[in-house]
Amino acid sequence: MTKDRKKPYTLIEIVTVIAIAAIVITLIGVSFENLGGSSNVDAATAEVGNALSLAQSQAASRRRYVAVVIATPATTASSTKLADRSFSAYRLAYVEKPNGGSADFVSWVPAQDWKLLPLGTAVITIDGEAADANYGGKALTINDVDKKGRAGAGLVFSSKGTLYPAATSNCQIIVGSAMLDDNGDMVFQGAAADRLRITINKYTGVISYDAAP
């Protein structure tokens with residue numbers, strides 16, 4: 001008796017899969033357009049959502065606590081690269097198990113550098129906590145960022161792919177057209193409706209997008 005052997009994929013099958021993937025990516029782009037944000041806000045929201053998804057994946061695969069660190073004025077101090085980019089720059093980091101409202105920085109996730117959101121956009125609020133108040137609530141303080149004594153704000157994921165500490169409600173992140181003025185206050189730009197919302201499900205960690213209320 002001969003065993004069945006798996007046949008290699010044909011060129012037609014490979015091309016079909018690539019075509020389907022392209023259609024799915026296009027539909028995702030269309031869905032962002034339909035949310036009503038500007039192109040910069042759409043791009044910024046997609047970037048933040050991708051960073052959250054990557055942090056979940058890293059936490060689950062490495063079985064470690066992983067934070068999406070968002071730069072605050074304390075993070076950007078004395079940094080040429082991050083100058084004037086508070087609340088609009090982010091990077092993934094491994095952290096110790098959070099204690100209360102903070103977590104200690106361990107190291108950066110390899111191959112992940114600081115990334116800047118499109119100019120004029122920012123993460124405005126996390127669960128109703130304002131950026132110019134350095135967030136709080138589900139946005140924990142990340143201590144000793146880069147081992148240089150600076151602090152940042154961060155959303156921390158556990159190995160289950162959900163936020164840690166365990167959330168009692170969905171986490172909502174608002175991304176929009178905004179920047180800090182010279183006094184450190186958030187100045188909103190464009191139409192008031194030019195904001196999008198990212199929601200992280202409290203039970204599953206599933207990320208979804210819609211127009212901000």
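The legends below accompany close-up views of a predicted model.

**View 1. The chain as a whole.** The predicted chain contains 3 helices and 12 strands. Of its 213 residues, 41% are buried. Considering contacts between residues at least 6 apart in sequence, 63% link residues that are at least 24 apart. The chain exposes about 11900 Å² of area, and 55% of this is supplied by carbon and sulfur atoms.

**View 2. The largest nonpolar core.** In soluble globular proteins, nonpolar side chains tend to be buried together. The largest nonpolar core of this model has 34 residues, and the members that touch the most others are Leu52, Ile126, Tyr135, Ile173 and Ile200. Two or more residues come from each of α2 (39-62), β1 (65-70), β2 (89-95), β5 (121-126), β8 (150-157), β9 (171-180) and β11 (195-200). The helix α2 gives the most, with 6 residues. A second core, separate from this one, consists of 15 residues, including Ala67, Ala89, Val95 and Leu140.

**View 3. The surroundings of Ile173.** Ile173 is among the members of the largest nonpolar core that touch the most others. Leaving aside residues up to four places away in sequence, Ile173 touches Leu52, Val123, Thr125, Ile126, Leu155, Leu196, Arg197, Ile198 and Ile200.

**View 4. The largest cavity.** Rolling a probe the size of a water molecule over the atoms shows where empty space is left. A search of the whole structure yields 2 cavities of 30 Å³ or more. The largest cavity has a volume of about 90 Å³. It is lined by 13 residues, of which Val48, Val68, Ile70, Tyr90 and Val123 are the closest to its centre. At least two lining residues are supplied by each of α2, β1 and β2, and the largest share, 3 residues, comes from α2. The lining of the largest cavity comprises 12 nonpolar residues, 1 polar residue and no charged residues.

**View 5. The second largest cavity.** This cavity has a volume of about 50 Å³. Its lining is formed by Thr162, Leu163, Ala167, Ser169, Asn170, Cys171, Ile200, Asn201 and Lys202. By class, these lining residues are 4 nonpolar, 4 polar and 1 charged. Ile200 also appears in View 2, as one of the residues that touch the most other members of the largest nonpolar core.

**View 6. The largest pocket.** The largest pocket holds about 260 Å³ of space. There are 15 residues in its lining, and those nearest its centre are Asp84, Arg85, Ser86, Met179 and Leu180. The elements α3 (73-76), β5 and β9 each give two or more residues to the lining. The strand β9 gives the most, with 3 residues. The lining of the largest pocket divides into 6 nonpolar, 5 polar and 4 charged residues.

**View 7. Asp210 and Thr199.** Asp210 belongs to strand β12, which covers residues 207-211. Asp210 counts as partly exposed because its relative accessibility is 26%, a value that lies between the limits of 20% for buried and 50% for exposed residues. Thr199 stands 11 residues from Asp210 along the chain, and 8.3 Å separates the C-alpha atoms of the two residues.

How values were computed
Residues are numbered from 1 along each chain as its sequence is written. This is a predicted model: local features need pLDDT of at least 70, side-chain atom pairs count only at pLDDT 80 or more; totals for chains, interfaces and linings use all residues. Side-chain values use heavy atoms; hydrogens and water are left out. A nonpolar core is a set of buried Ala, Val, Leu, Ile, Met, Phe, Trp, Tyr and Cys residues joined through side-chain atoms within 4.5 Å. Buried means under 20% relative accessible area, exposed over 50%, partly exposed in between (1.4 Å probe, protein chains only). Helices (H or I, at least four residues) and strands (E, at least two) are DSSP runs, numbered from the N terminus. Contact means heavy atoms within 4.5 Å. On a 1 Å grid over the protein atoms alone, a cavity is a set of points where a 1.4 Å probe fits but cannot get out, and a pocket is an open set with protein on both sides within 12 Å along at least five of seven lines; lining residues have an atom within 4 Å of a point. Grid points are joined across faces, edges and corners, and a volume is the space filled by probe spheres set on the points. Ala, Val, Leu, Ile, Met, Phe, Trp, Tyr, Cys and Pro count as nonpolar, Asp, Glu, Lys and Arg as charged, and the others, Gly among them, as polar. Accessible areas come from the Shrake-Rupley method with a 1.4 Å probe; for residues, only the protein chains shown count as cover.
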